[in-house]
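Here are some short exercises to work through with the model in view. Try each task before you read its solution.

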Amino acid sequence: MGFSSPWHWLVVLLIVVLIFGTKKLRNIGSDVGGAVKEFKKAMKDNGAEDSSDKTGTTIEGEVTEKNKQ
């Protein structure tokens with residue numbers, strides 16, 4: 001009587017569909033999918049910004065005077 005039985009999951013799926021209905025489940029699924037897509041996009045954009053911070057520019061110059069304190 002474990003959770004790995006296919007009949008157990010079929011009964012659970014049937015109960016969920018009866019409680020929420022297919023239209024509401026479809027809307028929930030599309031909302032979750034859109035949220036995951038936006039999260040992945042934000043992570044990708046954030047990664048691009050982080051890599052630009054690591055590739056800074058080198059400023060070359062020459063010290064002409066040294067201040068002593």
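**Exercise 1: Trp9**

Trp9 is partly exposed (between 20% and 50% relative accessible area, with a 1.4 Å probe and protein chains only), because its relative accessible area is 47%. This is a predicted model, where local features need pLDDT of at least 70, side-chain atom pairs count only at pLDDT 80 or more, and totals for chains, interfaces and linings use all residues. Residues are numbered from 1 along each chain as its sequence is written, and side-chain values use heavy atoms, leaving out hydrogens and water.

Task: place Trp9 in the secondary structure.

Solution: Look at residues 6-20, which form helix α1; Trp9 lies in this helix. Helices here are DSSP runs of H or I with at least four residues, numbered from the N terminus.

**Exercise 2: the span of α1**

Task: compare the expected span of α1 with the distance between its end C-alpha atoms.

Solution: Take the 15 residues of α1 at 1.5 Å a residue. The expected span is 1.5 Å times one less than the number of residues, so α1 should span 21 Å. Its end C-alpha atoms are 21 Å apart, which agrees. Just after α1, Gly21 has a positive phi of about 90°.

Terms used:
Helices (H or I, at least four residues) and strands (E, at least two) are DSSP runs, numbered from the N terminus.
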